[in-house]
Amino acid sequence: MTSQQIIAIVIFLVTMVTVMTEKVHRAVAAMAGAVLMILFHILDLSDCVSHVDVNTLGVLVGMMIFVAVVKQSGIFEYVAIKSAKLAKGKPWRIMVSFVLITVILSAFLDNVTTVLLVGPMTLAITGILKINPIPYMISEILASNMGGTATLIGDPPNIMIGSAAKLGFLDFLFNTGTPVVIILALTLLCFRFLYVKEMQVDQEAMDKVMSLDENVAIHDKTLMIKSLVVMALVVLGFILHSQTGIQSGVVALTGAVIILLIGKQDAEEIILSVEWPTILFFIGLFVVVGGLQEVGVINMLAQTMINATQGNMVMSLLIVLWASAFISAFLDNIPFVATMIPLILTMGQSGINITPLWWALSLGACLGGNGTLIGASANVVLSSISTKNGYPITFKSFTKIGFPIMLMSVAISTVWLLLRFA
C-alpha cells in the first residue's frame, strides 16, 4: 500500500468517525476532510469537481426549494385534518391514515421535512383524543423511512444510486416500491395487535376531532392549486426522465424555478430555507470518497469483495443487503452509500452483473434506518418533537419496536431480490 493510499484512508476514517460521533457538525467534518484531501495532494481542485455528483445536488436543492414554497399554502395541515375526519376520529383508522400520509409524502419529499409536517399535527389530534402519541410517532418514523425507500427521490441514498447507476423513477417504483408495499402492510398488521390497548377513546373525544375545520388550515388557496399543478408536472418529469433524457436534477430545479416564479413568495426567504449545511456535507463527502477512488483504494476493496464471493452474484447481493441494513441502523447511510457506489461500479468493470446490487444497497441502506433511533435523521427529529412535548421516545423503547421491524423488512427484501434476480 502506498503512502498516498494510507493518507487517503486515514483522512476518510477520521472524517467518518467525526461525522458519527457528532463532536463537530457533519458539514464541517466533511468539508474538512475534503480540504485535507487537497492539502495532502490526494486530489487537486479540478479532480474535486469531477467527483461531485451535481445531479444529486440538483435534486436536493430543487426539492428543498419546492417544499419550502408549497408548505406556505397550508396544504399539509389540510390533508392531516381531512384524513382524521375521514377516519371518523377513530384512533386506529387515524394511525393508518397518518402512516399512509407519511409514506406518500416521504416518497416525494425529504423525510425530515415530512416528519416536521406530520409530527405537530399528530400531537394535536392525539391531544384532542387524549391518547398517548408515542405509538403514532413510532409508526410515522418507520413509515417515513419506508416511503423514502420506495422512489428515486424519496431518500438521498436513492438519489445518489439513481444518478450513479442511471436508474429512473419507474425503476425504483417497481424494484424498491413493490417490497415496501408488502413491508408496510405487514408492519400495520403488527401495530394493530401491538397497540390495541392504546386505541381506546370515548365518543366525546372523537366528536371533537370531527368538529375540526380543515379549510381553516389553508393559508393561500391560489398557491395550493399552483403547487399541486407544478407537483404533478415534476412527478411526470421524474417518471419520464429516462425517455426525455432530462436528468432528475434538472427536473427538480425546473420545478423549483417555476414555483418561485408563479408562487409570489419571498424568494430570498425561500432560498435561505434550503438546508445548505446538508448540501455542503454532500459536496465534502463526494470529495472525500473521490480521494479514495483516485488513489485506488476503492479498486482494492472491490477486488477483495470479488475474491471473497468468487464473483457469485447471489452471495454479493446478500452481503450488500444485510451489511447495508445493519450498518445503516447505527451509522448515517449517506456516507456508507457514497462509499459503496464507486465500489459497486468497480465490481461491474470485472464483468459481474451489478444491477441487483444497486437494489440491495438501496433497500438495505434505507430500511436499515428503522433499526434504531439514530438510524436516520427523521428518527431523531420526530423523537425530539415527541420528547419536547412530554412524550419521550428512548433509544431502548424505539429499538424494541424498530429493530424487529427492520429485520422483517430486510428478510422480505431478501426474498424479493432472490425471486427477481436469482
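**Exercise 1. Salt bridges**

Determine how many salt bridges a search of the whole structure finds in this predicted model, and state which residues are linked in a network.

*Solution.*

Step 1. The search of the whole structure returns 2 salt bridges. A pair qualifies when a side-chain nitrogen of Lys or Arg lies within 4 Å of a carboxyl oxygen of Asp or Glu.

Step 2. Lys82 and Glu214 satisfy this criterion, with an N to O distance of 3.3 Å. Lys82 belongs to helix H5 (residues 75–86), while Glu214 sits in the loop between helix H12 (203–210) and helix H13 (221–244); the pair therefore ties together parts that are 132 residues apart in sequence.

Step 3. Lys85 also pairs with Glu214, and their closest N and O atoms are 3.0 Å apart. Here helix H5, which holds Lys85, is linked to the loop between H12 and H13, across 129 residues.

Step 4. Lys82, Lys85 and Glu214 are thus joined in a network of salt bridges.

**Exercise 2. Accessibility within the network**

Classify Lys82 and Glu214 as buried, partly exposed or exposed.

*Solution.*

Step 1. Buried denotes a relative accessible area under 20%, exposed over 50%, and partly exposed the range in between.

Step 2. Lys82 has a relative accessible area of 33%, so Lys82 is partly exposed.

Step 3. Glu214 has a relative accessibility of 7% and therefore counts as buried.

**Exercise 3. Helix H21**

Establish the span of H21 and where its buried residues lie around the axis.

*Solution.*

Step 1. H21 comprises 12 residues and extends 17 Å from its first C-alpha to its last, close to the expected 16 Å.

Step 2. The buried residues in H21 are Ala378, Asn379, Leu382, Ser383, Ile385 and Ser386. Because they cover an arc of only 155° around the axis, they lie on the same side of H21.

Step 3. The cover over the buried residues of H21 includes helix H7 (111–129), helix H8 (134–150) and helix H22 (395–421).

Step 4. Just after H21, Gly390 adopts a positive phi of about 90°.

**Exercise 4. A nonpolar surface patch**

Identify the residues of the nonpolar patch on the surface and the place of Val380.

*Solution.*

Step 1. The patch consists of Val17, Met20, Ile327, Phe330, Leu331, Ile374, Val380 and Phe395, which together have about 650 Å² of accessible area.

Step 2. Helix H1 (3–21) and helix H18 (313–330) are the elements that give two or more residues to the patch.

Step 3. Val380 lies in helix H21 (residues 377–388). With a relative accessible area of 39%, Val380 is partly exposed.

Technical notes. Residues numbered from 1 in each chain as written. Predicted model: local features only at pLDDT ≥ 70, side-chain atom pairs only at ≥ 80, totals over all residues. Heavy atoms only, no water. Patch = residues over 30% accessible without salt bridge, like charges linked within 9 Å, V, L, I, M, F, W, Y side chains within 5 Å. Areas by Shrake-Rupley, 256 points an atom, 1.4 Å probe, with all protein chains shown as cover. Helix = DSSP H or I, 4+ residues; strand = E, 2+ residues; numbered from the N terminus. Buried < 20%, exposed > 50% of the residue type's maximum accessible area, 1.4 Å probe, protein only. Expected span 1.5 Å × (residues − 1). Arc of directions from axis to C-beta. Contact = heavy atoms within 4.5 Å.
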